[in-house]
Amino acid sequence: MLFSAFERRVAWRYLRSRRQRDVKSWTGILKSLAFFQEGFVSVNAMFSFLGIALGVAALIIVMSVFNGFHQDLLSRILGVNGHLAVYSNTGQMLNYQGLEEEISKLPGVTSVNPLVEGQAMVMAHNQAMGIMVHGMRKEDLDKRDVISSKIEEGSLDSFKDPKTIAIGMRMAEKMGLMVGDKLKLVSPQGTETAFGNMPRSQTYTVGAIFEVGMHQYDMTIGFVPMETAQKFFGLGNGVTGLEVFTENPENVAEYSLPIYDLIQGNDYRIHDWQRVNSHFFTAVQVERNVMFIILTLIILVASFNVISSMIMLVKDKSRDIAILRTMGATRGMVMRIFFLTGSTVGVVGCSVGTLMGLLFCWNIESVRRFIEGLSGIELFSSEIYFLSKLPAKVDNGEVLLVILVALTLTFLASIFPARKAAKLDPVEALRYE
């Protein structure tokens, strides 16, 4: 074995505090003060343990929260929108069926859906706000699980009525709308009349209310039957674009090149989700890297505390070291004893910190609600952070990386005091005792 039973026993003894003493008399008080001075090394080791544990836990929690942000944003963005889209620069795509069929035959493409997309103003209960209208076929909308599985009120079966609309929960709350209520959509693209250009408007019935969990979508998007959207925006039988879904959205650029070849000579353009939403994911990645560096410094500071506590231990136990050397202990044995003492603090602190971090991540939403209920302060506003719930996704690889970083720093911090103890001259140590 790497460490003998004797070395492990001595190292464990050095980590323990002395027994409490009687403090009922002046003699007991003086002895307790002596105990505190002698036992301070163990107290300092406890603070080192807490520093490492808290640093590891904080690092795991922060990394998991950023991973959760990335995953939730990705699932919601790709659940509502296509992985890439082909749009017409003229705003209208006629005879799109041929292109739809050609794109659907490309390798890796799972589905292609025609889309009518346009901006409008929604008016209800003496309130007005902007809305992005998405005109879709009901069968295509049923396949969007992030929408069809998140219907809070009403049903998508209401799309059988051409004058129905599905809106987000945030919009419904803000405008006081319920299923069955009426609202008016006003298009900025007016209709030419004898009195000039008049805004085009149409009244719709709220048939369904969904909650994606992303504030931007729950507040600003509405779905209507595609034929209704075509008529409302004056597109005839045309659409504004085609949404394309692929097998691997992370490598969406691979699917763009074949589509570029298909649209050569047409006044079309391609948008993919990575370019459209790059500001979200770039911000998350930059903040994630910065927080990793900052929180790693906490573990580094705790490892410096290990060095200081171990140097104090070596100084306090210099007489013990000298006696061990005179009894036949080698320099290697002494070095292993003190290395094991310091590394034990790191291993135990790292283990406890990992457990704390994982438990926090697995119950992070409950913890958030508890703190908000206790303090009365909203810690996670969906208007600021885009999502309605605090996400956390534990990556086993990152947890392992955090553990390796913490253990490496602690082991390195234990080497210097252990070498100092091994080099101690027993004659000099006993002379000054």
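The exercises below, each with a worked solution, concern a predicted model.

**Exercise 1. The nonpolar surface patch**

Determine which residues make the nonpolar surface patch, and which element gives the most to it.

Solution. Begin with the membership: Met46, Phe47, Leu50, Leu54, Val348, Val352 and Met356 together make a nonpolar surface patch of about 610 Å². Next, assign these residues to elements; those that give two or more residues to the patch are α2 (26-80) and α13 (331-362). Of the elements, α2 gives the most, with 4 residues. Finally, take one member as a check: Phe47 is found in helix α2, and because its relative accessibility is 52%, where exposed means over 50%, Phe47 counts as exposed.

**Exercise 2. The largest nonpolar core**

Identify the residues with the most contacts inside the largest nonpolar core, and list what Phe338 touches.

Solution. The general expectation is that in soluble globular proteins nonpolar side chains tend to be buried together. In this model the largest nonpolar core has 112 residues, and those with the most contacts inside it are Ile103, Leu183, Phe223 and Phe338. Helix α2 gives the most to this core, with 17 residues. Turning to Phe338, and leaving aside residues up to four places away in sequence, its contacts are Tyr14, Met310, Leu313, Val314, Lys317, Ile321, Ala418 and Ala421.

**Exercise 3. Ser88**

Decide whether Ser88 is buried or exposed, and name its contacts.

Solution. First locate the residue, which lies in strand β1 (residues 84-88). Its relative accessible area is 5%, and since buried means under 20%, Ser88 is buried. Not counting residues up to four places away in sequence, Ser88 touches Met93, Thr240, Asp267, Tyr268 and Arg269.

**Exercise 4. Two aromatic pairs**

Classify the geometry of the pairs Tyr204–Phe232 and Phe339–Phe411, and state which elements each pair ties together.

Solution. The count of aromatic pairs comes to 4. For Tyr204 and Phe232, the centres are 6.3 Å apart with 75 degrees between the planes, and because planes over 60 degrees apart count as edge-to-face, this pair is edge-to-face. Tyr204 lies in strand β7 (residues 196-210) and Phe232 in helix α8 (residues 226-232), so the pair ties together parts that are 28 residues apart in sequence. Both residues are buried. For Phe339 and Phe411, the ring centres lie 5.9 Å apart and the planes stand at 45 degrees, so the pair is tilted. Phe339 lies in helix α13 and Phe411 in helix α16 (residues 396-422), which means that parts 72 residues apart in sequence are tied together. Phe339 counts as partly exposed, at 22% relative accessibility, and Phe411 likewise counts as partly exposed, at 30%.

Definitions and conventions
Residues are numbered from 1 along each chain as its sequence is written. This is a predicted model: local features need pLDDT of at least 70, side-chain atom pairs count only at pLDDT 80 or more; totals for chains, interfaces and linings use all residues. Side-chain values use heavy atoms; hydrogens and water are left out. Patches are made of residues with over 30% relative accessible area and no salt bridge: like charges are joined within 9 Å, nonpolar side chains (Val, Leu, Ile, Met, Phe, Trp, Tyr) within 5 Å. Accessible areas come from the Shrake-Rupley method with a 1.4 Å probe; for residues, only the protein chains shown count as cover. A salt bridge is a side-chain nitrogen of Lys or Arg within 4 Å of a carboxyl oxygen of Asp or Glu. Buried means under 20% relative accessible area, exposed over 50%, partly exposed in between (1.4 Å probe, protein chains only). A nonpolar core is a set of buried Ala, Val, Leu, Ile, Met, Phe, Trp, Tyr and Cys residues joined through side-chain atoms within 4.5 Å. Contact means heavy atoms within 4.5 Å. Rings of Phe, Tyr and Trp (its six-membered ring) pair if their centres lie within 6.5 Å; planes under 30 degrees apart count as stacked, over 60 as edge-to-face and the rest as tilted.
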